[in-house]
Amino acid sequence: MIPEIGLFALIIAFGIAIVQGVVPLVGAARNDATMISLARPAAWAQLLFVSIAYAALTHAFVVHDFSVLYVSRHSNLVQPLMYRISGVWGSHEGSMLLWALILSIWTTAVAIYSRGLPAALMARVLAVMGLISVGFYAFMLWTSNPFERIFPAPADGNALNPLLQDPGLAFHPPMLYMGYVGFSVAFAFAVAALLGGKLDATWARWSRPWTTVAWSFLTFGIALGSWWAYNELGWGGWWFWDPVENASFMPWLVGTALIHSLASTEKRGVFKSWTVLLAILAFSMSLLGTFIVRSGVLVSVHAFATDPSRGVFILIFLCIVIGSSLALYAWRSGSVVSTGRFTWFSRETALLLNNVILLTATTAVFVGTMYPLVVDALGIGKISVGRPYFDTMFALVSMPLILLLGIGPAMRWKSDNSQRIIKSLAIIFAASLSVGIMLPFVIDGVFNIATGLGLAGALWIAITTLQSLYHRIKTSSRLPLSFLGMILAHLGMAMFVAGVTMVMTYHQEKDVRLEPGATYELSGYEFKFIGVKNVDGPNYTAQEGHLEVRDQGEKIADLYPQKRAYSGMGSPMPMTEASVDTNMVRDLYAAMGEQLGDTAWSLRLYYKPMISWIWLGCLFMTVGGVLAVSDRRYRQKRS
Amino acid sequence: MQRFMPLIIFGLLVVLLAVGLTMDPRLVPSPLIGKPAPAFELPLLNGEGVFNSEELKGKITLLNVWASWCYACRQEHEVVKQLARSGMNIVGFNYKDKKQDAQQWLAQLGNPYQVVVADEDGRAAIDWGVYGAPETFLIDKDGIIRHKVIGPVSDQKNFDDLMAVVKEISGDNL
């Protein structure tokens, strides 16, 4: 009964979304106050019904209602409560329901916090978001109904993909979706502004905090996913350039360009039509990401459920949303005039360069992700471009970006004196370059130019960022949160660069065969293999290894890597659960390999210097984004 | 004109994606099913010597197409190893790969294969109608291809389908 209520609520939400998408739009065009005023209550009503639907599906998972096909496929009786709740978004149908729920939450948040907005603009924004919702509801109702029943109901279900039974991954999709979907707000504002024909700096001011929040979620979500892959896949890697990872990275890159470009548009009234285009692009990338993940056009580790009929639907949806907004852009953006003037040596130029570099990076990822598809479409065969391409591209793109990151924030708006900048930054540049180049030599006695440049880059970003903080404190009495947010995010970038450089150069990995009692030395750490015992989890049995790690004779850590077999899985797919000892300087990482003979095992041991800096850097960026939107000036305007 | 560029680029992209959708390899049944396995003679990945497809006869065999650049192959590898442990005869078909990368990959993740052949330029794979990696062919005692899995065998449905055919043809002895 409850699943039917869920389905019914979904249908009602679909109906409300249509009303929300159409009526206020017509009202705004006709200047009809009654029709315009419908937008806000419609947003609320939609949220109510989609929440009911979501709660109904969660309920079905919690009480083990296996008569619901989706539940029977992705949970079983022994699955712990946490993974029954997260199982809701463990596969396609539920993920889409979560998408719709999050979109509705964002819509309602806009309805609440943007009361100061002109009524017509507000109506258009909510209507555009409503139309996007319509697409997602239709997608669910026609191709992926999460409430579909089966008869007779099985006594027990299939387990959730064991890869997904990890706290890191349980929260990765909601965070990621908050980011993806959050870009719909900037998109809706941009489209509403194009529709209304009023593309002034106001729309930038309104959409800026929303975009920053979405960006923060996306940053955090991607970092969580990367951290999960590191701990769960047992390969010791943190990024694989997998199509699905790229699908989340592309909106991040465009989103990063967008938050910088919005700053220029809001503060200086420049790049207006460019910013609008970026807002459309950022959300288009999110939709494209969904298409890539859900249609199965690119085969990948992550594409758990794929179905071509869904692909066709999403492609049509993509055409309508992106096609029409780009057409609108082509039609309307001609009338936009940027008002601000600036010289070539100014912060505006620096931000424009930032955008150019980030979009170049996006293009590189895009080409790398889509290239296999092009080759396939031409009938040459399926290929994958893989790591070397992406690593080279990013080394090339990040150099100018890092350089710019040090200079840009130090520059003044409108026009700056190149002598002044050179004077204030030359010493930092020389110092970070020479220290950076020297560092690899200090670490292991070998000069390594690439590593040296990477570390120099990290130092350069960190020192210039701290210098602009120092200047700000010295010259101004107040320190706005938005400025602090930027400082923190840029410092995060420095940490990220440092972490990546260190891990790429100095990581050590070894596959070793060990008998119990035997030891192996890796990077000065002594790993002693104690043995293996059997451990039972709530819904799995595991062989758990035990390793003691000693540093100069002193025991510093115990590692317990596991090899798990989950019950309820038809295919015998053992999962590795790595065990990691982390600190700021290095990670010691062990994963179980194979049993060799009676007692010996093959084990994978890794030494990963400063890898935690990668995620810590992302966390800094996330917190920076949150600080930036907590700034007083946004709160005042909302009242 | 400049304003129309994004729209035009997007249009081209849609065409590409649409073609991509129709190319979904999972929908294409292999015309080779029920036919004798295409002949090949390929060098071994480890060590000297060659392997002739004639040697596939006499035993039920899985021919597992993999490559070190393929992520899904990593994912299915545990299951391939399990199958090997359960007594299945598995021949590895290393597809469009560098010898060194492939050897390192096996050293790291374990080698469940009776024998691994290297098809560096992918010529032999064309005869087998290989779309990409991973793919797995089931060959019976008479050297007839009985089933083909496109994508990882660790996928629940792929695994069940494969096992059903294995059961059907194996009778009493593997």
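**Exercise 1. Decide how far helix 18 of chain A is enclosed by the rest of the structure.**

Step 1. Fix the terms. Helices (H or I, at least four residues) and strands (E, at least two) are DSSP runs, numbered from the N terminus. A residue is buried if 20 or more other C-beta atoms lie within 10 Å of its own, exposed if 12 or fewer, and partly exposed in between, with C-beta atoms placed from the backbone.

Step 2. Note the source. This is a predicted model, in which local features need pLDDT of at least 70, side-chain atom pairs count only at pLDDT 80 or more, and totals for chains, interfaces and linings use all residues. Residues are numbered from 1 along each chain as its sequence is written, while chains are lettered from A and ligands numbered from 1 in the order in which they are written.

Step 3. Apply the count. Of the 18 residues of helix 18 of chain A, 13 are buried, so this helix is largely enclosed by the rest of the structure.

Step 4. Check the length. Helix 18 of chain A covers residues 612–629 and reaches 26 Å from its first C-alpha to its last, close to the expected 26 Å. The expected span is 1.5 Å times one less than the number of residues.

**Exercise 2. Classify Val22(A): is this residue buried, exposed or partly exposed?**

Step 1. Val22(A) lies in helix 1 (residues 2–30) of chain A.

Step 2. Val22(A) has 16 other C-beta atoms within 10 Å, so it counts as partly exposed.

**Exercise 3. Describe chain A as a whole, then find its residues with the most contacts inside the largest nonpolar core.**

Step 1. Chain A has 19 helices and ten strands. Its radius of gyration is 26 Å, close to the 26 Å that the globule rule gives for 639 residues, so chain A is as compact as a globular protein of that length. The radius is taken over C-alpha atoms, and the rule is 2.2 Å times the number of residues to the power 0.38.

Step 2. Buried residues make up 53% of chain A.

Step 3. A nonpolar core is a set of buried Ala, Val, Leu, Ile, Met, Phe, Trp, Tyr and Cys residues joined through C-beta atoms within 7 Å. The largest has 225 residues, and those with the most contacts inside it are Ala186(A) and Phe189(A). Helix 8 (residues 167–196) of chain A gives the largest share of this core, 19 residues.

Step 4. Apart from this core lies another, of 18 residues, including Leu547(A) and Tyr606(A).

**Exercise 4. Work out which strands stand at the edges of the five-stranded sheet in chain B.**

Step 1. Chain B has five helices and seven strands. Two strands pair if DSSP finds at least two bridges between them.

Step 2. The open sheet has the order 5-4-3-6-7, with mixed pairing. Strand 5 (115–119) and strand 7 (145–150) of chain B each have a single partner strand, so one side of each is left without a neighbour in the sheet. These two strands are therefore the edges.

Step 3. Look at one pair. Strand 6 (residues 135–139) and strand 7 of chain B pair in the antiparallel sense over five bridges. Ile139(B) stands opposite Ile145(B) in strand 7.

Step 4. Add the helix. Helix 5 (residues 156–170) of chain B packs on the sheet, touching strand 6 and strand 7. Touching means contact: C-beta atoms, placed from the backbone, within 7 Å. The direction of helix 5 makes about 170° with that of strand 7 of chain B. Axes are lines fitted to C-alpha atoms, for helices over the stretch in contact, and angles run from 0 to 180 degrees between N-to-C directions.

Note on methods
Two residues are in contact if their C-beta atoms, placed from the backbone, lie within 7 Å.
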